[in-house]
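User: Please take a close look at one residue in the core of a sheet and at the strands around it. I should like each term explained as it appears.

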Amino acid sequence: MNLAFLEKLDRRWLFLVLGILVLGPLLHPIGLPVFPSEPVRQFHDAIAHVPDGSRILMPCDYDPGSRPELVPMNKTALRQLFRKHCRVVILNLWPGGSLLTDQTLESVAQEFRASGHPLVYGVDYVDLGYKSGNEAVMVLMGQGIAATFPRDMRGNVTADLPLMREISNYSSFPLLVNISAGTPGTKEWVQQVNSRFHLPMVSGCTAVSAPEYYPYLQAGQLRGLLGGMAGAAEYEKLCGEKGSATQGMDGQSLAHVFIAVCIVLGNVIQWSKRTGARS
Amino acid sequence: MQAYRPDARARGVASSGMLWSCALLLACACAPAVSRAALPDALDTTRTYLAPAPATGLEFHDVENDAGRGIDLHWKLSADDRARSQAVTGYVLERAQTPGGPWAVVDTLPRLTDSKTDDSVVRDTPYFYRVSVLGPGGPTRSLAAAGPAIARSSWFNTTRASVVAFVLLFFGFVLYYIYSAQSGHRPFVRRLAGIDAIEEAIGRATEMGRPVLFIPGVQDIDEIQTVAGLVILESVARLTAKYQTPILVPVSYPIPFTIAQEMVKSGYLHAGRPEAYDPDSVRFVSPEQFAYVAAITGIMLRDRPAAHIFMGSFFGESLMLAETGFSTGAIQVAGTANVHQLPFFVVACDYTLIGEELYAASAYLSGDAKLVGSLKGADALKVSIVIVIVVGCLLETFGVHAFTAWMTTQ
Amino acid sequence: MKREIPLFLTAVIGLFMIVSFFVPHQWVSVPADFLQQCAVIVVAFGYVLGGANVLRVSLEGISRRERDWPYKLVLVLSLLFTVIVGLFVDKQRWQDPGTISLWLYDNVYSSMQATMFALLAFYIASAAFRAFRVRSTEAALLAIAALIVMLGRVPIGDAAMTAIFHHAWIPHALRELKMSPIEEWIMNVPQSAAKRAVLIGAAMGVMATGLRVILGIERSYLGGGD
């Protein structure tokens with residue numbers, strides 16, 4: 001059969017099929033089972049092993065572009081930390097992301113308040129907001145966090161907040177939980193903070209950047225890694241949640257299958273064309 | 001502090017040390033939440049607790065290899081501080097400049113914590129430390145203060161000796177090969193098809209009467225790939241000036257934008273056509289990743305450049321740019337050291353520079369002996385690193401860890 | 001002098017920052033911290049320069065009625081509207097509920113960003129169909145690895161393996177075969193090995209480029225003027 005005509009297929013047909021495959025399971029979930037992988041288990045365990053009540057630094061380096069991939073894992077991580085009475089300090093080195101991360105933090109705090117755990121801003125959590133300068137900010141935080149962020153996201157004097165009075169620099173934290181969409185992100189935190197200040201860290205990142213961080217995971221510079229929505233869904237499973245990442249996995253599964261079909265079909269067309277030319 | 005949240009669980013506890021407890025907790029006003037957060041969930045409020053056993057064995061050490069900014073402190077946990085015990089809720093670390101006080105709180109710490117680095121010290125100043133144990137039965141002070149501890153500044157970070165060795169080795173290699181190249185021993189540089197294709201692409205754009213689009217990545221100047229991309233831009237601008245073809249350079253950050261202007265101007269000047277330089281050919285767009293992508297794809301679809309050259313640091317936008325560029329039929333040459341984006345460029349572009357080829361491109365393009373010499377120096381260091389990796393693997397395999405320890409930095 | 005002074009400053013500050021990595025003493029670390037802070041401030045001021053260029057190029061385009069000038073008009077109006085609302089209407093309360101800034105962020109900026117990033121999935125499908133060709137043994141290996149990783153990353157991979165191999169007549173060892181462990185092995189072993197090699201090579205390139213700039217061997221960024 002000559003499939004050469006498919007080579008000139010308008011790519012918008014592919015876009016349409018992909019759109020339907022992603023949208024369909026969101027409306028009618030299939031409920032495919034999720035099995036946590038080792039890097040995800042390590043991420044979960046790294047947080048689980050932090051002493052209850054610890055202070056945790058959580059740089060959330062993403063903006064709304066990565067919302068579907070990173071907000072679910074960010075929320076699950078915050079829930080795991082708040083359940084352990086950990087006090088969380090978040091910041092954002094992406095100019096467009098600080099409002100989103102503040103909304104994410106506040107929505108999780110609100111959940112806890114609604115369930116009878118009255119988390120208080122300034123005592124249980126602080127949002128330092130955005131600061132320009134990428135790696136330079138990371139290095140400066142090593143000298144003093146309140147000095148690097150004189151005011152928090154909400155305009156308070158950082159040094160006056162009860163939680164921040166306990167915090168001087170990286171040595172005030174037993175763990176850094178980075179949620180990263182690119183640069184500045186996990187690579188820079190590993191190079192500038194984990195390597196120089198020896199602050200143990202875990203990372204949740206977009207699927208496309210996860211392969212880049214595997215060498216850091218193997219070297220022990222990262223204690224755990226969540227890669228994209230799949231990682232977030234596995235993490236939700238470990239935490240006993242069924243959030244938006246788990247819901248999105250059906251659609252993502254079908255999208256992956258479709259792309260695999262595209263690769264195979266593209267090659268079948270090529271072979272059919274070559275065979276046709278020879279005959 | 002109570003205005004933030006009163007701690008009901010701590011209030012119902014009776015103890016003989018209540019007054020002292022209140023005084024200490026007020027002194028520790030900087031962190032009331034620690035003791036609250038550190039309380040085990042299932043605290044039995046009906047029983048009366050005794051004050052916990054004290055922490056003992058407080059030791060101090062000046063943090064080595066720093067600027068006199070920290071003192072490491074270690075102590076033995078209170079005998080009552082056990083995994084499932086409720087007798088200890090946390091520790092308070094205090095310091096004073098004389099053994100008799102006055103004492104100031106350094107930090108309050110969760111239970112099961114036996115160390116802390118005090119990095120709020122003034123260098124060359126003596127300090128005395130003591131640890132108190134907090135619990136529902138009241139606080140217990142340590143039996144004796146430890147000190148004097150003095151933080152001193154170091155002149156050399158000894159844990160980075162291996163890095164110094166490699167930096168000096170690298171400088172040595174580079175300077176030697178630069179000298180060697182200037183003396184006439186020009187090193188061989190293999191052909192880089194991607195760079196050779198740039199001239200072909202510009203030639204095609206000239207034939208078609210369409211502009212050339214150059215993208216120096218989506219990162220600021222602190223990313224060295226952006227620097228490498230901008231250096232290549234100068235050579236590209238020379239060629240476009242030579243062929244009298246317009247060049248478009250949309251830039252995502254302001255500092256690379258000003259440098260890109262200088263690069264294009266320099267290219268036109270070196271090509272002997274300074275009057276042909278158009279200041280508007282270099283434009284600042286937006287540091288917002290996807291706003292930048294929208295602008296570039298708009299330029300690709302409206303102005304239809306015949307050649308797209310992507311040189312620098314790229315992320316999620318790589319495939320969007322390259323696929324849109326492919327759909328316009330332009331010749332596309334890409335180069336990036338962002339390994340996770342390379343597959344996207346490889347499938348959608350005609351030529352791709354992989355990793356270090358991006359950094360080698362400026363030397364390859366200019367042919368300058370000094371630049372080519374520095375390439376050779378980098379290659380020599382790479383050979384050294386391969387040897388170090390092999391030797392390190394062998395030593396570790398045979399249980400010798402000294403070399404690995406020397407290579408570990410702080 | 002226009003070239004010598006910048007070259008001198010680059011060399012001195014560059015070498016000083018390298019030295020500061022090895023010398024923690026306050027005589028070195030304090031000036032190095034100060035330089036880091038200066039870098040943050042210089043970068044922040046760079047945005048003023050960039051904003052001015054956007055306005056100049058766009059306003060010139062509008063006044064000359066260049067092709068597609070309405071797009072430039074939209075850009076200028078959006079830019080001015082956002083800045084004016086942020087500076088003069090919402091002021092310090094720009095992130096509070098009910099402000100125009102927050103509405104713009106939630107309903108314009110956020111949605112447009114997510115839409116643009118989501119387009120990537122469509123481009124990947126198109127590129128996979130058009131460009132991923134198996135023309136050699138190496139390309140075939142690459143394609144097989146890609147398929148395993150793609151399917152192993154999502155639950156359907158393991159579910160499919162179970163459906164295929166979980167039958168009584170299939171040997172026990174094969175019955176337990178899952179795609180995710182193979183995917184993890186590919187990511188941890190061959191993928192990481194290749195990535196490390198490229199990263200080490202790229203790091204050499206970074207050092208060589210940095211050294212060329214610091215030593216003034218690479219000076220084209222200073223422009224052509226004297």
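Analyst: I56(A) has its place in strand 1 (residues 55-61) of chain A; helices (H or I, at least four residues) and strands (E, at least two) are DSSP runs, numbered from the N terminus. The model is a predicted one, in which local features need pLDDT of at least 70 and side-chain atom pairs count only at pLDDT 80 or more, while totals for chains, interfaces and linings use all residues. Residues are numbered from 1 along each chain as its sequence is written, and chains are lettered from A and ligands numbered from 1 in the order in which they are written. The pLDDT is the predictor's confidence in each residue, from 0 to 100. For the model, the scores are ipTM 0.80 and pTM 0.78.

Is I56(A) buried or exposed? I56(A) is buried, because 22 other C-beta atoms lie within 10 Å. A residue is called buried if 20 or more other C-beta atoms lie within 10 Å of its own, exposed if 12 or fewer, and partly exposed in between, with C-beta atoms placed from the backbone.

The surroundings of I56(A) come next. When its neighbours within four places in sequence are left aside, I56(A) is in contact with V50(A), L81(A), C86(A), V88(A), F173(A), L175(A) and V177(A). Contact here requires that the C-beta atoms of two residues, placed from the backbone, lie within 7 Å. I56(A) and R87(A) are 31 residues apart in sequence, yet their C-alpha atoms are 6.1 Å apart in space.

Two of these contacts, L175(A) and V177(A), lead to strand 4 (residues 175-180) of chain A. That strand is mostly covered, as six of its six residues are buried. In a regular strand the side chains alternate between the two faces of the sheet. In strand 4 of chain A, L175(A), V177(A) and I179(A) point one way, L176(A), N178(A) and S180(A) point the other way, and all are buried.

Strand 4 of chain A also has partners. It runs parallel to strand 1 of chain A, to which four bridges join it; two strands pair if DSSP finds at least two bridges between them. Within this pairing, C60(A) has I179(A) of strand 4 of chain A as its bridge partner. Five bridges join strand 4 of chain A to strand 5 (residues 201-205) of chain A, and these two strands likewise run parallel. There, I179(A) has G204(A) of strand 5 of chain A as its bridge partner.
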